[in-house]
Amino acid sequence: MTLIRRLLALLVPVVFSPLLASATCMSGEGDCVEVGKWDLSLGIGAGVRTNPVEDAADIPLVLIPQVNYNGERFFIQNLDFGVMLWENEHQQLNLLATPGYDQVFFHRWSPSNFFLDSNALISSGNKGGDSEELPTINPGDKEFVGPNFNDLRQRQLRNRRMAGLAGFEYSINLGEFDIQAQYLSDFTDIHDGDEARISLAKHWASGRHHVITSVGAIWQSDEVMNYYYGVTSAEADERGVYEADAAISTIARLDWNYQLTERWDLRLLASYRRLPNEISDSPLINDNKVITVFVGGVYHF
């Protein structure tokens, strides 16, 4: 067991006790929730998240709920649950629990396909029949879907479940910019992998306009990569089995809000995630990017 998992095993039961209240806003944040109050809103509009999985439909975005709560120590931000461990005027250290992201491509009704800002596994191996060894596809070997390759609906794919991640989050406000870093581990024994995330964001506010631009990167260990994008011999077609190594995805995002009334905002959200070769080379994947766009109104309850 890694050091971070040992710490989580000790801290998570204590930290997420219902007796705790949540973290205060950091200095300079324009979208904070008043301490001790809930902020509930619902986005209604039109949008899409492209799906890089072969033969899978893009994911429509029509209703986008948003839930925020900040107490003295405990906070909820959509699907993120956290506790502030330490803070000063410009910095904050939190303990964070959040769902993984990658299952959204394999499950249309994953919660992460509704909250944009956050089955048992089938055992691997051959299930009888010919035991001839299949070739192994290595990252960098480009494969394109052809008429001789079985589509996903004809193959026995194992269920790729949503993992729960927990770890530490550090944020610092540098005046015009905010930097956020997270290191998270799977505490649900789904894939036993780790993720590290870092982002740089800038806020602009003028009158009723509020714009947030951000860039970031996500490192995922080989356990995460193989769980979602690896192909076992039971799942493979003529292209063979596939093993993915740890890799880094990069992300850019724009979020624009315009206040119409006390309860209504206009919102435009667009993000671009560049997938590394370790993902795009998988026989399950047909693209090297994920684009998310949503345009609509937001009603604050």
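Me: Before we start, what counts as a contact here?
Reply: Contact means heavy atoms within 4.5 Å of each other. With that in hand, and leaving aside neighbours within four places in sequence, Ile-285 is in contact with Pro-52, Val-53, Glu-54, Tyr-229, Ile-279 and Ser-280.

Me: Thanks! Any ground rules about the model itself?
Reply: This is a predicted model, where local features need pLDDT of at least 70, side-chain atom pairs count only at pLDDT 80 or more, and totals for chains, interfaces and linings use all residues. Residues are numbered from 1 along each chain as its sequence is written, and side-chain values use heavy atoms, with hydrogens and water left out.

Me: Cool. How many helices and strands does the chain have?
Reply: Three helices and 14 strands. They are DSSP runs numbered from the N terminus: helices are H or I with at least four residues, strands are E with at least two.

Me: And how are the barrel strands ordered?
Reply: Twelve strands make a closed barrel, in the order E1-E2-E3-E4-E5-E7-E8-E9-E10-E12-E13-E14, with antiparallel pairing. Two strands pair if DSSP finds at least two bridges between them.

Me: Let's zoom in on E13. What does E13 pair with?
Reply: Strand E12 (residues 247-259) is joined to E13 by ten bridges, and strand E14 (residues 289-300) by eleven. Both pairings are antiparallel. E12 and E13 form a hairpin with four residues between them. Tyr-258 stands opposite Leu-266 in E13, and Arg-273 stands opposite Val-290 in E14.

Me: Which E13 side chains are buried?
Reply: Asp-265, Arg-267, Leu-269, Ser-271 and Arg-273 point to one face and are buried. Trp-264, Leu-266, Leu-268, Ala-270, Tyr-272 and Arg-274 point to the other face and are not. Buried means under 20% relative accessible area, exposed over 50%, and partly exposed in between (1.4 Å probe, protein chains only).

Me: Why the alternation?
Reply: In a regular strand the side chains alternate between the two faces of the sheet.

Me: New topic: which residues in the largest nonpolar core touch the most other members?
Reply: Of its 21 residues, those are Phe-105, Met-225, Tyr-228, Tyr-229, Val-231, Ile-279 and Ile-285. Helix H2 (222-229) and strand E11 (241-242) each supply at least two residues of this core, and the largest share, five residues, comes from H2. A nonpolar core is a set of buried Ala, Val, Leu, Ile, Met, Phe, Trp, Tyr and Cys residues joined through side-chain atoms within 4.5 Å.

Me: Last one: what percentage of the chain is buried?
Reply: Buried residues make up 42% of the 301 residues.
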